[in-house]
Amino acid sequence: MAVTIHSNPDEFTPSDNPIVWTFSSDQTGQANFSFIVELYIDGVLDSNSQVFPEVDNYAHFDAEEKTTGLTPSPSINQTSISADASNTRLVNIKVYERYGTPPTNQAFATSAVVNPFKACISNEQMQIWDSDDYKVGFPTSKFLTDLDDIISIRTGADYYLSIITDEWADLTAEIAFKDITGATVTTHSEPISNVNNFTQLMLNLDKMVVDGVLTQLQADSTETVEVYILRQALNVWSETKIFSINRECGNRGRHLMWLNHLGGFDQFTFTHNDTQTTKTKSNSYRKQFGNWQGTNFVLDAYNAGDIGYITTSDDSIELVSNWITQSVQNWLVASSYEGVLVTIQTALETYSRVTIDTNSYKLEDDFFEELINVIIKLKLSNARRSPKV
């Protein structure tokens, strides 16, 4: 009697994609044979499923239906540079072989624990998914974003980066502030907790001045910010991300953030313009001309025809970027239009939820277009209504 687990999901795997184990038994010829799969979430039994052999004595179990709903999303309200993204669950299965007359549970095997995190990638990406690509350990380890370019951020806007840190000890986020010539103005080393499976970094130049990470003079001299992960103050354990500081006068835009398909927050500052519009809808009923007042039938034009009794208002905002490169445009539309938890930053540590009100995008090609920008329309969350009369 033996159950063998042949394959496990990746140790860190997107929660909203297939999370598949395969297993077999050498007792499939027994009467009334089936597998009973117990699913454990954070060490607690969540559910039982009956699974029958599919190919010879092999079967599989997919936990996606459960992990999609039970895995939490990260949030953008952290107050420190480094925080636990808090976007994972601990998941494993116990597989019993069940047979006999009547059938009863027999031998079992327990799988390794995996860490689904809130993300959803394409089928093509899932086919080749390897969390080592996004796990600290090498100078090529990626942050959870497809952005490869340097983007421009206002001094009071947030810049987020997430990476799998796998509860490693002795990790720090190394931040270098550089001036217009590329010389280092100052540096900061931010400790990363060794209990973080996923670490989320949040960099905001104005907030770092408020928090005493750097002085106002140092902030004023900063033109670019470079970030990477270091271990034991010696080994570079991630790629380096760079963003520039936008201090142009006449900024009329807004700063937008969203959760991307990889489970990290992306962001972009639309500096050119924002235009707010409001769509109203009036509800009314039709009333006849004339009504009774006591025993008199009175022709009253004021109280006849279409009578409005409530008006609802929905606000939208259109954001316009400055001129940008083809690669930034291609990343921006693909990431934001397919993102979720879309948020406008209205002030330091103040945010407003929005939804994207455009249902298609085009990847621009600078072979055909010399000047490229992005215009995005959003629905604001502050719907309102008039008094109902």
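**Strand pairing and a charged patch**

Strands β19 (residues 254–259) and β25 (residues 340–347) run antiparallel and are joined by four bridges. The model is predicted.

**Exercise 1.** Find the bridge partner of Met 257 in β25, then follow β25 to β26.

Solution.
- Step 1: Met 257 is paired with Thr 343 of β25.
- Step 2: β25 is also joined to β26, again by four bridges in the antiparallel sense.
- Step 3: Within this pairing, Tyr 351 of β26 stands opposite Gln 345.
- Step 4: The two strands make a hairpin with two residues between them, and Glu 349 in the turn has a positive phi of about 60 degrees.

**Exercise 2.** Decide whether strand β18 (residues 241–246) is largely enclosed or open, and list pairings of this strand.

Solution.
- Step 1: A residue counts as buried under 20% relative accessible area.
- Step 2: Five of the six residues of β18 are buried, so the strand is largely enclosed by the rest of the structure.
- Step 3: β11 (residues 152–154) pairs with β18 in the parallel sense over three bridges, and Arg 154 has Asn 246 as its partner in β18.
- Step 4: β16 (residues 224–231) runs antiparallel to β18, with four bridges; here Val 225 is matched with Phe 243.

**Exercise 3.** Place Glu 369 in the chain and state its exposure and its surface patch.

Solution.
- Step 1: Glu 369 lies in the loop between β26 (350–356) and β27 (375–380).
- Step 2: Its relative accessible area is 37%, so Glu 369 is partly exposed.
- Step 3: Together with Asp 365, Asp 366 and Glu 370, Glu 369 forms a negative surface patch.

Methods: Residues numbered from 1 in each chain as written. Predicted model: local features only at pLDDT ≥ 70, side-chain atom pairs only at ≥ 80, totals over all residues. Heavy atoms only, no water. Patch = residues over 30% accessible without salt bridge, like charges linked within 9 Å, V, L, I, M, F, W, Y side chains within 5 Å. Areas by Shrake-Rupley, 256 points an atom, 1.4 Å probe, with all protein chains shown as cover. Salt bridge = Lys/Arg side-chain N within 4 Å of Asp/Glu carboxyl O. Lys, Arg positive; Asp, Glu negative; His and termini not counted. Charge placed at Lys NZ, Arg CZ, Asp CG, Glu CD. Buried < 20%, exposed > 50% of the residue type's maximum accessible area, 1.4 Å probe, protein only. Pairing = 2+ DSSP bridges.
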